[in-house]
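Visitor: I would like to learn how to read a fold from its coordinates, one feature at a time. Could we begin with contacts and then turn to single residues and a helix?

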Amino acid sequence: MNGVNFHFLNVGHGDCTIIHWPARTAGEKHMDERIAMVDLYHDTNREDYEDVIQYYKSNFQKSNGYPKPIWRLICTHPHQDHICGLKHLFDESGISIVNFWDVDNQFEPEDFEGHATHKEDWMKYQDVNSGDSGGRTLINPSRWDVRQFWDEDKITILSPSKEMIDDAHSPKQDGTKRKPHDIEIDDISFSLLVEFNSTKVLLGGDGKEKAWNDIYENCKSSITGCHVLKAAHHGHQSGFHEDAVKIMNPQYIIFSNSKEEDENNGAYDDYRRILPNAKILKTWRDGTIIVDCDFDGGIEITNSSGQSLI
Ligand SMILES: [Zn+2]
């Protein structure tokens, strides 16, 4: 098994997914190995959760011992549970980042409570977006955008659409201007489809009902018949869209969440009701989850010790 690997890190109530495409050929064309990191979250108070940078360095190393570059760092949206650790990654990790994807947005947090490094990570996020790119390419893609490398790696941007971005920034129902912290940033988070030969893996963002109505109405054929679904909004009920889940019909569903948040808000029973045969995996219970999609459509899922989870 040396196909595309997806690592869903056990980070608590947050997200970090690392995607590793192997070097491969498609017809005459050689494609280099590539790595994407989708979000990061490091809870420095909890040793039982992954230290994202440590994990990356020990798993994605060149033969000379240096870390491999992150080809694309994708920030699905700049809430703290998706950016905490960003300053450390950019400034202190020694890991180079080639492309940075961000949702086109004017959001700002109301405060910096809730996470020790939130303020410094937010400031780094702003720096990266304000031109201090350090040679990296900044990209603000939206639905159906295609560029050469995304096409090679078969990434489809399901959400957000440009219309959803406008809508999230539009005046509130009472006609008043939206404050930066009132911008519906969850609903314009990236939801991505990654295909590898015949296998479809869908990475749901933090979008809720409005975002999923939009995806369901506009992306039906793309989302039909998935194999692996990273459940939207950490597996919370707010990200569960019954009609979309029915047509996605994944065999494996992954919740990236803490035990407490999952017990309070998780949609396990809803997914189970619609898809009684799907296997639901949870980072807080199963640890870091590694999904290996091989060239012939086979899927293996293990934890970070190599034990099978399916
Ligand atoms: Zn989140």
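Guide: Two residues are in contact if their C-beta atoms, placed from the backbone, lie within 7 Å. In this predicted model, residues 24 or more positions apart account for 68% of the contacts in the protein chain with a separation of 6 or more.

Visitor: What radius of gyration does the protein chain have, and what would a compact globule with 310 residues have?

Guide: The protein chain has a radius of gyration of 18 Å, which agrees with the value near 19 Å for a compact globule with 310 residues. The secondary structure comes to 12 helices and 16 strands, and 46% of the 310 residues count as buried.

Visitor: Is Phe6 buried or exposed?

Guide: A residue is called buried if 20 or more other C-beta atoms lie within 10 Å of its own. Phe6, which has its place in strand β1 (residues 4-8), is buried because 24 other C-beta atoms lie within 10 Å. Leaving aside its neighbours within four places in sequence, Phe6 is in contact with Thr17, Ile19, Val201 and Val291.

Visitor: Which residues are buried in helix α6, and why do they line one face of the helix?

Guide: In α6 (residues 162-169), the buried residues are Met164, Ile165 and Ala168. Seen down the helix axis, the buried residues of α6 fall within an arc of 105°, and therefore they line one face. The face turned away from that buried side carries the exposed residues Glu163 and Asp166, while the buried residues of α6 pack against β9 (155-159) and α7 (209-218).

Note on methods: Residues are numbered from 1 along each chain as its sequence is written. This is a predicted model: local features need pLDDT of at least 70, side-chain atom pairs count only at pLDDT 80 or more; totals for chains, interfaces and linings use all residues. Helices (H or I, at least four residues) and strands (E, at least two) are DSSP runs, numbered from the N terminus. The radius of gyration is taken over C-alpha atoms; the globule rule is 2.2 Å times the number of residues to the power 0.38. A residue is buried if 20 or more other C-beta atoms lie within 10 Å of its own, exposed if 12 or fewer, and partly exposed in between; C-beta atoms are placed from the backbone. The arc is that of the directions from the helix axis to the C-beta atoms.
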